[in-house]
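Subject: Structure for you to look at

Hello,

Here is the structure I said I would send. Please open it first, then read the notes below beside it.

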Amino acid sequence: MYARAASLLTAILLLAGGRMAAGQVVIVSNANAGTLTITTAVAGSNPASVVRSTTTYRVTIPIGNAPARITAQLDIPMPAGTTMSITLAAPPGATSLGPIALSTVATDVVLDILEGTDQGGLAITYTFAATAAAGVVPPQTRTITFEIQ
Amino acid sequence: MLAAFTGTAGAQTTQTVTFAVNAINQVAFLGAPSLTITTATAGSNPTSVTDATSSWAVTTNQTGSKITASIASAMPAGLTLSANLAAPAGATSAGFVALGTTAVDCVTTITKLAQAALGLSYRLDATAAAGVVASSTRVVTYTITGGT
């Protein structure tokens, strides 16, 4: 009787655990995405945006997890008049929301990542834009935090 | 071959990105104006003509940029070619300025803006002493000089 109750309790706990974030992994191919420098413009238009897509990420959602999403956020706001946007390629079955302008508030970038997903080589694309009013911006760095939720 | 992944594996990871904006000063001009003096009021020099079919555009992310203009070869004696660039927001136009082989300021104090379809007028003045002048062309060179 006690053995059966213990078994049932274990099964319930495992089921509950399967709905949590246990074992979910997001990892980038390189901790440094590189440098984006705006250097030119078409006369009469704001400076030309630059795009960089040299890094990738891997996402793992073990079987038994609910569909997950990835959020991204900056550690420090961007300078006035500039925007750093990001696009994360979606693994099969998921949805990329990019390009998404990054801020210090966590924002969804990929939705509906299915259980059983274990996909690497997914492109991370940054787009850096600036208005003329932003002026000259000396080199500076931001840290982007990706999180599975 | 597997890509080399770095960072801490888990539900959260980070990546750094570096960015910068260099000094940018771009200017463009549209139009191929033509000016012909054909008449005069008796007792006065020939009547000046103006062409306002051209336009210009500018982008600068600096403070206090300016536009200068010059022509490669001098105008014939008794003829004056002038240009008048409309000022973008917050800048100052010098109005009609006579063009010569030495660059002259047309618009100054251009600061951190991107603006297109700005007016550009040319005017040709002649004295009676200039006589009849065969059709001739001048290329006007506009230069934007960055501020700070």
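Which residue in β10(A) is the bridge partner of Ile70(A)? It is Ile148(A). Please keep in mind throughout that this is a predicted model.

The strands behind that pair are a good place to begin. Strand β4 of chain A, residues 68-74, pairs with β10(A) in the antiparallel sense, and five bridges join them. Both strands belong to an open sheet of six strands, in the order β2(A)-β1(B)-β10(A)-β4(A)-β8(A)-β6(A). The pairing in this sheet is mixed. Its edge strands are β2 and β6 (95-96) of chain A, each of which pairs on one side only. Note that β1(B), a strand of chain B, is listed between β2(A) and β10(A).

On chain A as a whole: its secondary structure amounts to one helix and 10 strands. Reading from the N terminus, the order is α-β-β-β-β-β-β-β-β-β-β. Chain A has 149 residues, and 38% of them count as buried. Among the contacts in chain A with a separation of 6 or more, 76% are between residues 24 or more positions apart.

Some further pairing in chain A involves β9(A). It runs antiparallel to β3(A), with nine bridges between the two. Within β9(A), Thr127(A) stands opposite Val51(A). β9(A) also pairs with strand β5 of chain A (residues 82-88), again in the antiparallel sense, over seven bridges. Here Thr125(A) in β9(A) is the bridge partner of Thr87(A).

Now the two chains together. How many residues of chain A are in contact with chain B? The count is 52 residues of chain A, touching 35 residues of chain B. The size of an interface is often given as the accessible area lost when the parts come together. For chain A and chain B, the buried area is about 3600 Å², with 59% of it on carbon and sulfur atoms. The elements of chain A that give two or more residues to its side of the interface are β1 (25-28), β2, β3 (50-61), β9 (117-130) and β10 (137-148). Of these, β10(A) provides the largest share, 12 residues. By type, the residues on this side of chain A divide into 29 nonpolar, 20 polar and three charged. Between the chains there are 24 residue pairs in polar contact, and zero salt bridges were found across the interface.

The strands also pair across the interface. β2(A) and strand β1 of chain B (residues 12-21) run in the parallel sense, joined by five bridges. One position to look at is Ile38(A), which stands opposite Val21(B) in β1(B).

Last, a single residue to follow: Thr37(A), in strand β2 of chain A (residues 32-38). Is Thr37(A) buried, partly exposed or exposed? Its relative accessible area is 29%, so Thr37(A) is partly exposed, given that buried means under 20% and exposed over 50%. Leaving aside neighbours within four places in sequence, Thr37(A) is in contact with Val50(A), Ala20(B) and Asn22(B). Thr37(A) and Pro139(A) lie 102 residues apart in sequence, while their C-alpha atoms are 8.2 Å apart in space.

Regards

Definitions and conventions. Residues are numbered from 1 along each chain as its sequence is written. Chains are lettered from A and ligands numbered from 1 in the order in which they are written. This is a predicted model: local features need pLDDT of at least 70, side-chain atom pairs count only at pLDDT 80 or more; totals for chains, interfaces and linings use all residues. Side-chain values use heavy atoms; hydrogens and water are left out. Helices (H or I, at least four residues) and strands (E, at least two) are DSSP runs, numbered from the N terminus. Buried means under 20% relative accessible area, exposed over 50%, partly exposed in between (1.4 Å probe, protein chains only). Contact means heavy atoms within 4.5 Å. Buried area is the accessible area (1.4 Å probe) that two parts lose on being put together, summed over both. A salt bridge is a side-chain nitrogen of Lys or Arg within 4 Å of a carboxyl oxygen of Asp or Glu. A polar contact is a pair of N or O atoms within 3.5 Å; within protein, one must be able to donate a hydrogen and the other to accept it, and residues adjacent in sequence count only if both atoms are side-chain atoms. Ala, Val, Leu, Ile, Met, Phe, Trp, Tyr, Cys and Pro count as nonpolar, Asp, Glu, Lys and Arg as charged, and the others, Gly among them, as polar. Two strands pair if DSSP finds at least two bridges between them.
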